Amino acid sequence: MEAAIQISDLSFRYQAQEPVLDQLNLTIEAGERFGLFGPNGAGKTTLMSLMTGLLPYKTGSVKLLGYELRGRDRKINSLFGLVPQDFSFYPELSTEENLQFFGAWAGLTKKEIREKTNELLSVLSLEKVRTRAVGKFSGGMKRRVNLAIAVMHDPRVLFLDEPTVGVDVQTRHAIIHYLKQLNQHGTTLIYTSHQLHEAEDLCTRVAMIDEGKIIINDTLTNLLHQHKQDGLEGLFLELTGRAYRS
């Protein structure tokens, strides 16, 4: 089985700046619940943007399920979904209209759109607001719509950038539970967040990036044991320091 993500000797810089990533290598196996963490300015956001094709690269290789992302083929778009930190819907449209639009954009048939829309409205408890404009929703409901849009086409790899920021405890619990269900059905999760306690519940394998390099990459259980820590926050501080980051 092809790795979900295979990164080899990847380097990246913004114009004339120093390299943000320098000869980085990383493998994320299919079926993992993988967490990527790092302090501000470490290169985490840049790496996520490169893995999802939002940024182009010249040096090195990024493969998603065996497909090189450089000059990517449109069929790669159907293989992954992205839940961005910023909301990615049309606020003037209803929940149902947003799902129909993004389902059509993903190439689903009318029947597939109808069935998937009904499924997601039910699973994410959005049935009662299916005809309401999303822009009027609470933060938690908007996060659920964001997630529903990302999984309309049943992606094999799902990227999650702060998927529960600003939500209440109940919504966070429901979203994490749903993500675990997706993973049990074969979806690879690649997750980044500052919610480290949440990450402990979701992620089975983690990597930390600092100064453009991967500094650890192992199962969470092994890392906590090796570094004699009882949680991801302590591990994070041990490896990246306690000083302020810009």
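Reader: How many helices and strands does the protein chain have?
Author: Keep in mind that this is a predicted model. Going by its DSSP runs, the protein chain has eight helices and 10 strands.

Reader: Which strands form the open sheet, and in what order?
Author: Six strands take part, and their pairing is mixed. Neighbours in this sheet are turned by 15 degrees against each other on average, direction ignored. Read across, the order is S6-S7-S8-S3-S9-S10.

Reader: Why is one side of S6 and of S10 left without a neighbour in the sheet?
Author: Look at where S6 (80–83) and S10 (213–219) sit: both stand at the edges. One side of each is left free in the sheet because each has a single partner strand.

Reader: What stands opposite Phe37 in S9?
Author: Start with the strands: S3 (residues 33–37) and S9 (residues 205–210) run parallel and are joined by four bridges. In S9, the residue opposite Phe37 is Met208.

Reader: At about what angle to S9 does helix H8 run?
Author: Two helices are worth a look here. H1 (residues 44–51) lies across S3, S7, S8 and S9, at about 135 degrees to S3. H8 (residues 232–240) lies across S3, S9 and S10, and its angle to S9 is about 30 degrees.

Reader: What radius of gyration does the protein chain have, against that of a compact globule?
Author: The C-alpha atoms fill a box of roughly 50 × 40 × 35 Å along the principal axes. For 246 residues, a compact globule would come out near 18 Å, so the chain's own value agrees with that: 18 Å.

Key:
Residues numbered from 1 in each chain as written. Predicted model: local features only at pLDDT ≥ 70, side-chain atom pairs only at ≥ 80, totals over all residues. Heavy atoms only, no water. Pairing = 2+ DSSP bridges. Axes fitted to C-alpha atoms, helices over the stretch in contact; angles between N-to-C directions. Contact = heavy atoms within 4.5 Å. Rg over C-alpha atoms; globule rule 2.2 N^0.38 Å.
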